[in-house]
Amino acid sequence: MACGSSSTLTAKSLQQQSDAVKSAAAEGALLAQQIAHEETTEPFARIHAGELADQAKAAGQSLTVTRAPAALQAEKRKAVAAARATSAALEALHQAPDDQAVAERVERRLKALSQ
Amino acid sequence: MKKIFEIALGILAAIGGFVDIGDIVFNTAAGALFQYQLLWAVVIGVGAIITYSEMCGRVAVVSQRAAFDAVRERLGFGVGLLALVAGQLVNLLTLAAEIGGIALALQLLAGLPFRVLLVIAVLAMGLVIWAMPFEWIERVFGYIGLALLVFAVGAIKLHPDWGGVASGFVPHADTSDLAVYLFFVVGLLGAATVPYEVYFYSSGAIEERWTPKDLGINKANAIIGYSLGGLLSFALMITAAELFYPREISPETLGSVGLGANVPLGEIGLLLALIGILFAVSGAAIDTAFSGAYNLAQFFGWEWGKYRTAVEAPRFTLAWMVMLILGFLIVVTGVDPIQVTEYSVIFSVVALPATYIPILLVANDRAYMGNYANGGVANVFGIFYLVVILVVAVAAIPLMIISNMGQG
């Protein structure tokens with residue numbers, strides 16, 4: 001489902017974007033697991049990893065362009081960093097959709113990011 | 001064997017109509033968000049579409065009038081025109097979503113650029129509609145779409161909590177966000193009962209030259225076909241409930257749906273799921289393109305029917321071509337086909353009463369139907385589901401706003 005954004009960040013929208021990033025990370029971990037076990041196809045892995053990377057990137061950008069009140073600044077920085085890390089890990093999967101070693105590394109990284 | 005082929009119309013309508021991109025998206029998202037809690041909404045949706053498809057199939061067979069003939073005659077030209085415009089807009093939005101869905105499924109299978117696949121998708125649809133006989137369209141897309149049954153196998157292999165599944169058939173809302181829950185109820189009911197299904201079904205009955213002798217086939221088509229569609233919806237929801245709900249994954253793409261078959265069943269599961277999605281969504285694209293053409297032709301009294309050549313029914317032929325081109329133009333602008341799907345389902349809910357009320361009225365009209373008019377059982381179900389449809393039609397837009405399109 002689509003994600004929204006506003007000019008001033010609220011606790012609710014921060015939570016929504018943060019959840020969207022965690023969702024992309026958790027799903028990416030599942031996909032990486034399939035690649036690591038050679039149980040998926042290369043086009044599917046490449047395209048779907050790219051979609052998930054875009055989701056994480058969009059959530060991060062949505063957070064970046066909004067102004068956060070002082071009380072949410074620290075949380076926002078953490079969420080933006082998580083979005084960037086998730087997007088980068090998924091991008092690595094997108095670039096090497098049939099590399100089992102990359103997939104194993106990305107799976108561990110995304111599992112941690114999804115917590 | 002002949003009987004098996006004869007129920008193809010219902011299976012096509014079920015696979016390519018019931019299980020279209022709207023169902024695939026809403027059922028998967030509902031399972032991921034609410035686990036098994038919304039299974040009951042699928043049962044209501046299946047009941048409604050069985051009841052009204054059987055009714056409009058019977059009306060078509062007995063009176064040789066398809067759904068939009070009845071709409072115009074019962075609502076008059078002015079209100080009928082309004083229903084036509086609303087129906088066509090929803091058809092067009094749905095068609096755009098289905099064309100986008102075909103390209104997305106092809107992309108997941110082949111990995112080629114989306115826009116290239118959009119062009120291939122629309123050209124392939126045009127070619128299939130132009131060249132393939134109606135019966136073969138039904139069979140090819142209906143039966144290959146059955147590959148979606150892989151989700152039923154996947155759901156079982158994921159070892160669901162069957163007690164939880166059973167409790168999902170009893171309406172209850174164990175959630176902190178009731179508006180989102182209700183939005184999904186509306187979405188699931190809307191996805192199950194989209195108007196183009198009955199337009200296509202009733203016109204298909206005339207395309208197939210059914211006579212009153214085929215009323216048993218009509219009933220079997222509606223019951224078996226849509227029940228099968230319901231089974232596929234359950235499977236999608238249970239798969240998402242097992243795989244995505246515990247991991248707090250909010251599936252947003254067709255790729256997520258494919259992953260639902262990939263994880264429990266490996267590469268073969270993934271390929272079957274993607275092929276099933278491709279053929280189901282392609283079938284739905286054909287249904288909607290035809291429905292748009294049927295509605296226009298029936299409303300304005302043009303010659304129509306796939307069994308007629310382009311020379312015999314030129315405006316009908318032009319109408320489905322224009323529908324395909326307009327659907328393509330909407331989705332090629334870069335809008336997200338999944339978002340288009342969500343909007344098309346919600347707006348179709350609003351347009352539902354304009355389709356279902358005239359069908360119920362005509363099915364009760366003994367001047368039209370003679371001895372084949374609705375009996376007591378058909379009317380009890382018909383009125384019950386009409387009330388449900390009216391409630392969801394009124395609630396759809398407010399819930400869309402309050403729930404922020406299901407985002408909470």
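How many residues of chain A are in contact with how many residues of chain B? I began my notebook with this, keeping in mind that I am reading a predicted model, and I found that 22 residues of chain A touch 26 residues of chain B.

Next I looked up where the residues on the side of chain A that touches chain B come from, and the elements giving two or more of them are α1 (11-36) and α2 (42-64) of chain A. Of the elements on that side, α1(A) gives the most, with nine residues. I then sorted the residues of this side by character, and they divide into nine nonpolar, eight polar and five charged.

I turned to a helix pair inside chain B, where α3 (residues 21-34) and α13 (residues 254-300) pack at an angle of about 145 degrees, their axes being 9 Å apart. From α3(B) the contact is made by B:I21, B:I24 and B:T28, while α13(B) brings B:S256, B:V257, B:G260, B:I277, B:V281 and B:A284. When I grouped the residues of this contact, I noted six nonpolar, three polar and no charged.

My last entry concerns B:V322, which I located in helix α14 (residues 314-332) of chain B. Is B:V322 buried or exposed? I noted that B:V322 is partly exposed, because 15 other C-beta atoms lie within 10 Å, whereas a residue would need 20 or more to be buried and 12 or fewer to be exposed. I also checked B:V322 against B:A289, and although the two are 33 residues apart along the chain, their C-alpha atoms are separated by 8.7 Å.

Note on methods. Residues numbered from 1 in each chain as written. Chains lettered and ligands numbered in written order. Predicted model: local features only at pLDDT ≥ 70, side-chain atom pairs only at ≥ 80, totals over all residues. Contact = placed C-beta atoms within 7 Å. Helix = DSSP H or I, 4+ residues; strand = E, 2+ residues; numbered from the N terminus. Nonpolar A, V, L, I, M, F, W, Y, C, P; charged D, E, K, R; others polar. Axes fitted to C-alpha atoms, helices over the stretch in contact; angles between N-to-C directions.
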